[in-house]
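Me: I have a model open and want to go through its pockets, ligand contacts and backbone oddities. Can we take them in turn?

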Amino acid sequence: MRTVIYPGSFDPLTNGHLDVIQRAVKLFDRVIVAVAQNDSKNPLFNITERVDLVKQAVAHLPQVDADSFDGLLVDYVESRSGQAVVRGLRAISDFEFEFQMALMNRKLNERVETIFMMPKDTYTFLSSRIVKEIARLGGDVSSFVPAHVQAALKGKLSKA
Ligand code: ADP
C-alpha cells in the first residue's frame, strides 16, 4: 500500500489543489490531504471548515482522505504510514521555498520522499490567496474553486 500525504493550508481548497490530488491518485493507492493548523497564517476558514471543504471536494474519490495535522510534517507522515509527500509546483516562484522545505524534511527523516507535481497550465496562476482577494472584491471565482467552496466563501465574506 503506497500512501502519499498532500499537506497545505487549503484556505480554501481550489481547483489547482484538486488537480494535484487527481494526479497523485494515479500514482499512489491512498492520498491523504493533510490540512495544517497554521494559525499563524491567520486563515479565513478555521481548521474544521478547511477539512470539511476538502472532504466534500474528494467525496467521489474513494482513495482520498482528508485530515488535519499539527507539528512536524515528517512525524505526521510516519504516523499515517506514508512513504512520500506531494507538493504542487506552479512557477519558479514556488521553487526556492519548496526546495528548502523538501531538503529540510529529508534531513529530519530520510525515509520520507518529496515529489512535485505541475498542475494543468490554466491553474498555474491560481492560489487560495488570489481566490480570497477576488471573492472579497465581489469577483466571480466559479472557474477557480468547486461550487461548495464558492458558496462557503460567499457565506464567510458576507459575515465579515
Ligand atoms: P501552503 O500554505 O502550505 O503553501 P497551500 O494550500 O497554499 O498551502 O498549498 C498547498 C500545496 O498546493 C503547495 O504545494 C502549493 O504549491 C500547492 N498549490 C497551491 N495552489 C496550486 C495550484 N494552483 N496548482 C498546483 N499546486 C498548487
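Reply: Terms come before values. On a 1 Å grid over the protein atoms alone, a pocket is an open set of points with protein on both sides within 12 Å along at least five of seven lines, a cavity is a set where a 1.4 Å probe fits but cannot get out, and lining residues have an atom within 4 Å of a point. Grid points are joined across faces, edges and corners, and a volume is the space filled by probe spheres set on them. This is a predicted model, in which local features need pLDDT of at least 70 and side-chain atom pairs count only at pLDDT 80 or more, while totals for chains, interfaces and linings use all residues. Residues are numbered from 1 along each chain as its sequence is written, and side-chain values use heavy atoms, with hydrogens and water left out.

Me: How much space is in the largest pocket?
Reply: About 1,100 Å³.

Me: And what lines it, centre outwards?
Reply: The lining of the largest pocket has 42 residues, and Gly8, Ser9, Lys41, Arg87 and Arg90 are the ones nearest the centre. Two or more residues each come from β1 (3-8), α1 (15-27), β4 (84-88), α4 (92-108) and α5 (128-136). Helices (H or I, at least four residues) and strands (E, at least two) are DSSP runs numbered from the N terminus.

Me: Which element gives the largest share there?
Reply: α4, with six residues.

Me: What's the split by class in that pocket?
Reply: There are 17 nonpolar, 15 polar and ten charged residues. Ala, Val, Leu, Ile, Met, Phe, Trp, Tyr, Cys and Pro count as nonpolar, Asp, Glu, Lys and Arg as charged, and the others, Gly among them, as polar.

Me: Now the ligand. Which residues come nearest?
Reply: Tyr6, Ser9, Phe10, Lys41 and Gly88, out of 17 residues around the ligand (a heavy atom within 4 Å).

Me: What about polar contacts from side chains?
Reply: A polar contact here is a pair of N or O atoms within 3.5 Å. The side chain of Tyr6 has an N or O atom 2.6 Å from a ligand oxygen, and for His17 the distance to an oxygen atom of the ligand is 3.1 Å. Arg90 places a polar side-chain atom 3.2 Å from a ligand nitrogen.

Me: Back to voids. How many cavities of 30 Å³ or more?
Reply: One. The largest cavity has a volume of about 40 Å³. Its lining includes Leu73, Val85, Arg87 and Phe116, and β4, α4 and β5 (113-117) each give two or more residues to it.

Me: Which element leads in the cavity lining?
Reply: α4 has the largest share, four residues. By class, the cavity lining has five nonpolar, two polar and two charged residues.

Me: Where is the cis peptide?
Reply: Between Asp11 and Pro12, with omega about 0°. Pro12 sits in the loop between β1 and α1.

Me: What is odd about Asn42?
Reply: Asn42 is not a glycine, yet its phi is positive, near 50°. Asn42 belongs to the loop between β2 and α2.

Me: How do β2 and β3 run?
Reply: β2 (residues 30-36) and β3 (residues 64-69) are parallel and joined by six bridges; strands pair if DSSP finds at least two bridges between them.

Terms used. A polar contact is a pair of N or O atoms within 3.5 Å; within protein, one must be able to donate a hydrogen and the other to accept it, and residues adjacent in sequence count only if both atoms are side-chain atoms.
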